[in-house]
Amino acid sequence: MGLGVIDLPTFCLEGTVEEVFYKKGRPKVVILKTATGTVWIKLEKSLRCELAQPPKVGDRLRLEGMISDKYDGWVKQYKASHLEFLATAQPSAAKRSQPCKVLICQKSSCCRRGAKELWQELEAQQLPIALKATGCMGECKRGPAVVVLPHKKRLTRANAQQIRELVCSTEA
């Protein structure tokens, strides 16, 4: 007897990306909202490697591939071998106008090095920022430790002038 080849059913789905899960910096699973519902679609390894740009939340995509049964047919697994961008998500005006978020370590070592004073000075300046207290950032001897989001800029021995310059440079 020869070995038989099993033909798996194929799919072609169009929809909007709701979420993307990454592994080693590359997209592995895309949650796609289609006209018929939400589908989890795993991307083949070869497809992950050849993508010039990863899909983002809000992108419209067309995905094609195979459907296989898992767990004795209880679950259908979608595995895409082809991805096509139909439209890319445009950043909304609301996202652009959001204030920067400044995370300031409030553990004892950073507080001894001026984290509380920095917090009070930033509040007094009334910059368009949201302040958030955090736990240890691992920079205890070089505190106060600060992270400025959304550009993820890490500062040590931070002062209000550095943060003000960073925030003002991103508003332009």
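1. Let us start with one term: a residue counts as exposed when its relative accessible area is over 50%, as buried when that area is under 20%, and as partly exposed in between. Trp 74 has a relative accessibility of 77%, so Trp 74 counts as exposed. You can find Trp 74 in the loop between strand S4 (60–70) and strand S5 (75–87). Together with Tyr 71 and Val 75, Trp 74 makes a nonpolar surface patch of about 450 Å². Please keep in mind as you read on that this is a predicted model.

2. Now for the overall plan. The secondary structure of the chain amounts to five helices and nine strands. Followed along the sequence, these elements give the pattern β-β-β-α-β-β-α-β-α-α-β-β-β-α. The chain has 172 residues, and buried residues make up 31% of them.

3. Which strands form the closed barrel? There are five strands in it, running S1-S2-S3-S5-S4, and their pairing is mixed. From one strand of this barrel to the next, the twist averages 50°. It may help to trace that order on the structure with a finger before going on to the individual pairs.

4. Begin the barrel with strand S1 (residues 10–23) and strand S2 (residues 26–34), which run antiparallel and are joined by seven bridges. As a landmark for this pair, look for Phe 21, which stands opposite Val 29 in S2. S1 and S2 form a hairpin with two residues between the strands, and here Lys 24 takes a positive phi near 55°.

5. The next step takes you from S2 to strand S3 (residues 37–43). These two strands pair in the antiparallel sense, with six bridges between them. A hairpin makes the connection from S2 to S3, again through two residues. To check the pairing yourself, find Ile 31, whose bridge partner in S3 is Trp 40.

6. S1 has a further pairing to look at, this time with S4. The sense is antiparallel, and there are seven bridges. One of the contacts to look for is Glu 14, whose bridge partner in S4 is Arg 62. Those two names come back in the next point, in another role: Glu 14, Arg 62 and Glu 84 are linked in a network of salt bridges.

7. How many salt bridges does the structure hold? The count is four. In one of them, the side chains of Glu 84 and Arg 62 meet at 3.1 Å, N to O. This pair links distant parts of the chain, since Glu 84 lies in strand S5 and Arg 62 in strand S4, 22 residues apart. Are these side chains buried, exposed or in between? Glu 84 has 31% relative accessibility and so counts as partly exposed, and Arg 62, at 21%, also counts as partly exposed.

8. Two other salt bridges deserve a look. Asp 69 forms one with Lys 76, where the closest N and O atoms are 2.8 Å apart. Lys 76 is partly exposed because its relative accessible area is 47%. In the other, the side chains of Arg 142 and Glu 139 meet at 3.0 Å, N to O. Arg 142 counts as partly exposed at 37% relative accessibility, and Glu 139 counts as partly exposed at 23%.

9. Leaving the barrel, you come to an open sheet of four strands in the order S7-S6-S8-S9, with mixed pairing. Why is one side of S7 and of S9 left without a neighbour in the sheet? Strand S7 (129–134) and strand S9 (153–155) stand at the edges and each has a single partner strand, so one side of each has no neighbour there. The twist in this sheet averages 20° from one strand to the next. Strand S6 (residues 100–105) pairs with S7 in the parallel sense over six bridges, and Ile 129 in S7 is the bridge partner of Cys 100.

10. Finally, look inside. The largest nonpolar core has 24 residues, and those with the most contacts inside it include Val 102, Ile 104, Leu 118 and Ile 129. Two or more residues each come from S6, helix H3 (108–112), helix H4 (115–125), strand S8 (146–149) and helix H5 (160–171). Which element gives the most to this core? That is S6, with five residues.

Notes:
Residues numbered from 1 in each chain as written. Predicted model: local features only at pLDDT ≥ 70, side-chain atom pairs only at ≥ 80, totals over all residues. Heavy atoms only, no water. Pairing = 2+ DSSP bridges. Axes fitted to C-alpha atoms, helices over the stretch in contact; angles between N-to-C directions. Patch = residues over 30% accessible without salt bridge, like charges linked within 9 Å, V, L, I, M, F, W, Y side chains within 5 Å. Areas by Shrake-Rupley, 256 points an atom, 1.4 Å probe, with all protein chains shown as cover. Buried < 20%, exposed > 50% of the residue type's maximum accessible area, 1.4 Å probe, protein only. Core = buried A, V, L, I, M, F, W, Y, C linked by side-chain atoms within 4.5 Å.
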